[in-house]
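Biologist: Could you take me through this one and tell me what stands behind each label you use?

Modeller: Sure, have a look at it first.

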Amino acid sequence: MLKKRIIPCLDVRDGRVVKGINFVDIKDAGDPVELAKFYDQEGADELIFLDITASHEKRDTMIEVVKQTAKQVFIPFTVGGGIKSIDDMRNILRAGADKVSINTPAILNKKLITEGAKIFGSQCIVVAIDAKKNENGNYEAYINGGRVNTGLEVISWAKEVEACGAGEILLTSMDCDGTKDGYDLELTRLVSEAVSIPVIASGGVGNLEHLYEGLVEGKAQAALAASIFHYGTYSIREGKQYLIDKGVDIRW
Amino acid sequence: MIGIIDYGRGNISSVETALNKGGFENITTDNHDILRKCDGLILPGVGAFKDGMKDLEKRGLIPIIEEAVKSGKPLLGICLGLHLLFEFGEENGVSAGLGILEGRVERLTTSFKIPHIGWNDLKIINPSPILDGIEDGDDFYFVHSYQAHPVDKSIIIATCDYGLEVVAVVSKENVFGVQFHPEKSSINGMILIQNFGKLVSKWS
């Protein structure tokens, strides 16, 4: 059977991992390549790099990170952040990334999804959706790092993203992100049931039970987590063991 | 020397990286003379069947692959590379493939999510040197929406379960094909790459 995936996400700024990480086995905890290797050995099923570099000039550092990672890591990895055009996609994919993740540019220009899927294949195109619940209990999609509400209803946007040719949806709950209270299970389940492409749950993981909830109750195909792994609260192996013990199909 | 056939399809540098890690001399090229001199070929690739065939044709690579198969050189098709080995593909309309293996490639018919993305475990049906050291239940990384349906079922070496039986590994004499991406399948993938490398060394 297909296994549920555990995906650590690394925030990278100017070629360095941002969140404080301290593992004994890693020489340079700020080096994204070292960390990617570490997570590969730890049994991560995939990796996501989120490039939060502010200045355009320093974007090339990410290309170098991608090149080095591709040489040393033998699991799939996705790069998101700052990808605005087909050329940006090509540069990242050519450097060795397996997939690109886009959010704001996808909403501003849907053709980017269609074109990207046509040129590189649907499997390369991950559309990230940042969702927040409004007063009426509906979910709306946000862009520009959560600063701008597009007013787009998330479920219909997710369906549209699928119709445009996206291969996966990376779904982040802005309400839950950073709370450590667990994924927004209602949101995750709604989107996962609405589309036939895989959904990666993101935002809010504070313990291993949350991973279980997102994958089983939220019906996500993959669970993304950042801080619980980065800060060493749990190892990937501990997370996987927990899920296996609870009967979830997981790759060991 | 292993030749990675470059026909402009997607990210194939990871195949090269995996061969390098395994210590196998390799070259990524569409140059006919160089490919003819190689002791084994890999046909990698992601993307659409029809476009893949068009690109092979445009670069005059079809006879090179056919020659290699006849000569007994090991050939490994990965993902789209596996699909192209068959007679027909039904992606964006029916189109002809290389016809090295009998059968067709069709969209996955499953109630599960498509694409089939992620790690799935193999059910080994027939023995093959390409799976030396790989055990029943070992996981590999899959990314695809279409799958091969061989006419001759005896060429199926392994399958995986995705609500339907997915053909994961085929092998007929010197021709091998894998639906998953060994270059992205961590340690298990490296074992398979090593096996192919050994087959090439043995042949040369």
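Modeller: Let's start in the strands: B:Asp161 stands opposite B:Glu165 in β13(B). Keep in mind that this is a predicted model, where local features need pLDDT of at least 70, side-chain atom pairs count only at pLDDT 80 or more, and totals for chains, interfaces and linings use all residues. Residues are numbered from 1 along each chain as its sequence is written, chains are lettered from A and ligands numbered from 1 in the order in which they are written, and side-chain values use heavy atoms, with hydrogens and water left out.

Biologist: What makes β12 and β13 of chain B paired strands?

Modeller: Two strands pair if DSSP finds at least two bridges between them. Strands β12 (residues 156-161) and β13 (residues 165-172) of chain B are joined by five bridges and run antiparallel, so by the rule of at least two bridges they pair. A strand here is a DSSP run of E with at least two residues, a helix a run of H or I with at least four, and both are numbered from the N terminus. The pair belongs to an open sheet of eight strands with mixed pairing, in the order β2-β1-β3-β4-β14-β13-β12-β9 (chain B).

Biologist: Why are β2 and β9 of chain B said to stand at the edges?

Modeller: Each of them, β2 (26-29) and β9 (123-124), has a single partner strand, so one side of each is left without a neighbour in the sheet.

Biologist: Why is the contact between A:Asp45 and A:Lys240 called a salt bridge?

Modeller: The term asks for a side-chain nitrogen of Lys or Arg within 4 Å of a carboxyl oxygen of Asp or Glu. For A:Asp45 and A:Lys240 the N to O distance is 2.8 Å, so the label fits the 4 Å limit. A:Asp45 sits in the loop between α1 and β3 (47-51) of chain A and A:Lys240 in helix α10 (residues 236-245), so the pair ties together parts that are 195 residues apart in sequence.

Biologist: What makes the salt bridge of B:Lys184 and A:Asp98 a link between chains?

Modeller: Their closest N and O atoms are 2.9 Å apart. B:Lys184 lies in the loop between β14 (175-178) and α6 (186-203) of chain B, and A:Asp98 in the loop between α3 (86-94) and β5 (99-102) of chain A, so the pair joins two chains. Both B:Lys184 and A:Asp98 are buried, that is, under 20% relative accessible area (over 50% is exposed, in between is partly exposed; 1.4 Å probe, protein chains only).

Biologist: How do you know whether B:Asp33 is buried, exposed or partly exposed?

Modeller: B:Asp33 has 48% relative accessibility, so it counts as partly exposed. Its salt-bridge partner is B:Arg36, with closest N and O atoms 3.6 Å apart, and B:Arg36 is partly exposed too, at 40%. The two are three residues apart in helix α2 (residues 32-37) of chain B, about one helical turn.

Biologist: Why call helix α1 of chain A mostly covered?

Modeller: Nine of the 11 residues in α1 (residues 32-42) are buried, among them A:Val33, A:Leu35 and A:Phe38. Just after α1(A), A:Gly43 takes a positive phi of about 100°.

Biologist: What makes chain A agree with a compact globule?

Modeller: The rule, 2.2 Å times the number of residues to the power 0.38, sets the expected radius of gyration, taken over C-alpha atoms. For 252 residues that is near 18 Å, and chain A has 17 Å, which agrees. Of those 252 residues, 60% count as buried.
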